[in-house]
Amino acid sequence: MGTSKEAEELAAKIGAKIKELRLAKGFATQDSFAKKLGMKADGVSAYERGNNLIQLVKLSEMAQILGVTPNDILGFKPGSAGQMRQVTGILLERSCVALGVPEKRARALAETVLAVLDSPAIHTSGIPLEDIVRILADDAIRRSLLSARS
C-alpha cells in the first residue's frame, strides 16, 4: 500500500477538499458541520488540517451531507483508475488500523480487497465502484469481514 508520506500527503489533499466543500455547502463553522456528522469540531478540524486520514465510513457520511460523491471529496477525475486504486488501498489500510487491526494484517486485507476490485467479474457486474466502496465503508460489514479473517 502507500507509505506514511503518501498517506500524509493524501490526508492534506483530502482535508483541503473537505474544507472547500464544507464552506461551499454553507457550513460556515467546523462545529456546525461536525454536529451534522455526529462528531466533535476538533475531529473535523483534524481532517481539514490533514492530521487524520478520513475513514471510509466518515467519507461516505460526509459525501451525503455535502451532496457530493466520495470521489468528489477524494478529488478523482474520470479515467483516474490508477490513482483511485492507490487511494482506496491507503484508505482501506488506514481504516483497518483505526479499528485496531495490526498494520501488517491491515495491509494484507487492503491488498485482498483491491484484488477483488481488480477482478474482471467486478467490472462486468455493472456495480459502480462507488457502491462497492460504500459497502466496504459500512462499519458493521467491515467489522464482520475483519472478524471472519481472524
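This tour visits one helix pair and then several salt bridges in a predicted model.

Begin by selecting helix 2 (residues 30–37) together with helix 3 (residues 41–49); their axes come within 8 Å and cross at roughly 110 degrees. Helix 2 is therefore roughly perpendicular to helix 3, since angles of 65 to 115 degrees fall in that class. Display the side chains at the contact: helix 2 contributes Gln 30, Asp 31, Phe 33, Ala 34 and Leu 37, while helix 3 contributes Ala 41, Val 44, Ser 45 and Glu 48. Classified by residue type, this contact comprises five nonpolar, two polar and two charged residues.

Keep Glu 48 in view and add Arg 22: the two form a salt bridge, with the closest N and O atoms 2.5 Å apart. This pair connects distant parts of the chain, Arg 22 lying in helix 1 and Glu 48 in helix 3, 26 residues apart. Both Arg 22 and Glu 48 are buried.

Next, stay on helix 1 (residues 4–24) and select Lys 17 and Glu 20, which lie three residues apart, about one turn of the helix. Their salt bridge has its closest N and O atoms at 3.2 Å. Glu 20 is partly exposed, with a relative accessible area of 44%, and Lys 17 is also partly exposed, at 25%.

Finally, select Arg 107 in helix 7 (residues 103–118) and Glu 93 in helix 6 (residues 81–98), 14 residues apart. Their side chains meet in a salt bridge of 3.3 Å, N to O. Arg 107 is partly exposed at 28% relative accessibility, whereas Glu 93 is buried at 2%. Add Glu 103 to show the network of salt bridges that links Glu 93, Glu 103 and Arg 107. The structure holds seven salt bridges.

Notes: Residues are numbered from 1 along each chain as its sequence is written. This is a predicted model: local features need pLDDT of at least 70, side-chain atom pairs count only at pLDDT 80 or more; totals for chains, interfaces and linings use all residues. Side-chain values use heavy atoms; hydrogens and water are left out. Axes are lines fitted to C-alpha atoms, for helices over the stretch in contact, and angles run from 0 to 180 degrees between N-to-C directions. Helices (H or I, at least four residues) and strands (E, at least two) are DSSP runs, numbered from the N terminus. Angles under 35 degrees count as roughly parallel, over 145 as roughly antiparallel, 65 to 115 as roughly perpendicular and the rest as oblique. Contact means heavy atoms within 4.5 Å. Ala, Val, Leu, Ile, Met, Phe, Trp, Tyr, Cys and Pro count as nonpolar, Asp, Glu, Lys and Arg as charged, and the others, Gly among them, as polar. A salt bridge is a side-chain nitrogen of Lys or Arg within 4 Å of a carboxyl oxygen of Asp or Glu. Buried means under 20% relative accessible area, exposed over 50%, partly exposed in between (1.4 Å probe, protein chains only).
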